[in-house]
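Let's take a walk through this model together, going from its pocket to its core and then out to a few individual residues.

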Amino acid sequence: MEVVSDRTKPRVKDYMTRDVATVSPDETVGEVARRIAESDEHSGFPVCERRRVEGFISARDLLLADDDDPIFKIMATELLVAHPDMKVNDAARVILRSGIQKLPVVDDAGNLVGIISNADVIRSQIERATPEKVGKLMRTLEQIHEIDLTQERRTVPLSELTPTQGRVYADELEGRRYELERGLAEPLVVIDNGGMLLLADGHHRVLAADRLGIDEMDAYVIVIDHEIELGMADTAKKEELEQIDDIDVVDYARHPLVKTTKRLQSDDRAN
């Protein structure tokens, strides 16, 4: 096994799944194949003798094996594994370059303590990116309006949000729906302007959530304790945006980037 370790933050142990489904080396191909077939989440399992990782078995490994064969005969034993103190960014590189979806996490004794997936890595990136976005917006508002603001993490009802963007694009809407269904969507960014909840970032996510029957979402909320005049509030009023149903869904073909691409292609043909 090749173990890569780094003790700087953020670390694998902060994002890994600790409750890991495993199989034993003595289980048969037929038994493991049934577990994979009956699972919506697993296409393979770490193979453990007690807690020690001995190998990994995937659905592909089972294809040409007999049902009565023990797993230890066909499991992969040359494994990439992560250490709990490994940097998440380093784990992401291993996952990306190796093409695997899940990386077993082992301690110094070789015992399985968790597993980190590509979805966990994405979640770690989201959790770092959103606070930076919120901080930048807060600083901008404070400078423009010469006020001090506070920030809260809240669950906000979608019915109480006022949109500040009049249209979303159908293709991006499908992407956000996919993320929501897999628990990967980043929190919204909302401005509480004296009680009026202005949606600053996350219009595609909100509309996708509404279509999935989700009533509330996690949000970073910038709090203004008394109502002030905000440009985005004026935009909402001018475009008659009062609730999320007022947002138009635009076909991808009308996306500005597509129009630009078509124009460039047209220019190229002309030359």
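The largest pocket in this predicted model has a volume of about 1,000 Å³. Its lining is made up of 34 residues, and Ser43, Phe56, Gln101, Lys102 and Ser117 are the ones closest to the centre. By residue class, the lining divides into 16 nonpolar, 10 polar and 8 charged residues.

Where does the largest pocket lie with respect to domain 1 (12–124) and domain 2 (129–250)? Both domains give residues to the lining, so the pocket lies between them. Several elements take part: strands E2 (44–49), E3 (52–58), E5 (102–106) and E6 (112–117), together with helices H2 (59–62) and H4 (118–145), each supply at least two lining residues. The largest share, 4 residues, comes from H4.

**The chain as a whole**

Stepping back for a moment, the protein chain has 8 helices and 13 strands. Of its 271 residues, 40% count as buried. If you look at contacts between residues at least 6 apart in sequence, 72% of them join residues at least 24 apart.

**The nonpolar core**

In soluble globular proteins, nonpolar side chains tend to be buried together. Here, the largest nonpolar core has 20 residues, and those with the most contacts inside it are Leu158, Leu161, Leu188, Val190, Val206 and Met217. Helices H5 (170–181) and H6 (203–211) each supply at least two residues of this core, as do strands E10 (188–193), E11 (196–201) and E12 (216–224).

Met217 is a good place to zoom in. Apart from its neighbours within four places in sequence, Met217 is in contact with Arg154, Thr155, Val156, Leu158, Leu180, Leu188, Arg205, Val206 and Ala209.

Among those partners, Arg205, Val206 and Ala209 are also listed with the buried residues of H6. Is H6 largely enclosed or largely open? In this helix 7 of the 9 residues are buried, so the rest of the structure largely encloses it. The buried ones are His203, His204, Arg205, Val206, Leu207, Ala208 and Ala209. After H6 comes Gly213, with a positive phi near 80°.

Another residue to visit is Thr162, which lies in strand E8 (residues 161–162). Thr162 has a relative accessible area of 10%, so it counts as buried, the cut-off being under 20%. Not counting residues up to four places away in sequence, Thr162 touches Met196, Leu197, Leu198, Leu199, Ala236, Leu241 and Glu242.

**Positive phi in two loops**

Most residues other than glycine have a negative phi. Arg50 and Glu146 are worth checking with that in mind. Phi of Arg50 is near 60°, a positive value, and this residue sits in the loop between E2 and E3. Glu146 has a positive phi of about 55° and is placed in the loop between H4 and strand E7 (150–157). Are these two buried or exposed? Arg50 counts as exposed at 82% relative accessibility, and Glu146 is exposed too, with a relative accessible area of 72%.

**Loops that meet distant parts of the chain**

Three loop residues show how positions separated along the sequence come together in space. The table pairs each with its partner, giving C-alpha to C-alpha distances.

| Loop residue | Partner | Separation in sequence | C-alpha distance |
|---|---|---|---|
| Lys87 | Val12 | 75 residues | 6.0 Å |
| Asp66 | Gly30 | 36 residues | 7.7 Å |
| Thr17 | Ser117 | 100 residues | 8.4 Å |

Lys87 lies in the loop between strand E4 (80–82) and helix H3 (88–98), and at 26% relative accessibility it counts as partly exposed. Asp66 is in the loop between H2 and E4; its relative accessibility of 52% makes it count as exposed.

Thr17 belongs to the loop between strand E1 (2–4) and helix H1 (29–37) and counts as partly exposed, at 36% relative accessibility. Which residues is Thr17 in contact with, leaving aside its neighbours within four places in sequence? They are Gly114, Ile115 and Asp120. Thr17's partner in the table, Ser117, brings us back to the start of the tour, since Ser117 is one of the residues closest to the centre of the largest pocket.

Note on methods: Residues are numbered from 1 along each chain as its sequence is written. This is a predicted model: local features need pLDDT of at least 70, side-chain atom pairs count only at pLDDT 80 or more; totals for chains, interfaces and linings use all residues. Side-chain values use heavy atoms; hydrogens and water are left out. On a 1 Å grid over the protein atoms alone, a cavity is a set of points where a 1.4 Å probe fits but cannot get out, and a pocket is an open set with protein on both sides within 12 Å along at least five of seven lines; lining residues have an atom within 4 Å of a point. Grid points are joined across faces, edges and corners, and a volume is the space filled by probe spheres set on the points. Ala, Val, Leu, Ile, Met, Phe, Trp, Tyr, Cys and Pro count as nonpolar, Asp, Glu, Lys and Arg as charged, and the others, Gly among them, as polar. Domain bounds come from an automatic or database domain assignment. A nonpolar core is a set of buried Ala, Val, Leu, Ile, Met, Phe, Trp, Tyr and Cys residues joined through side-chain atoms within 4.5 Å. Buried means under 20% relative accessible area, exposed over 50%, partly exposed in between (1.4 Å probe, protein chains only). Contact means heavy atoms within 4.5 Å.
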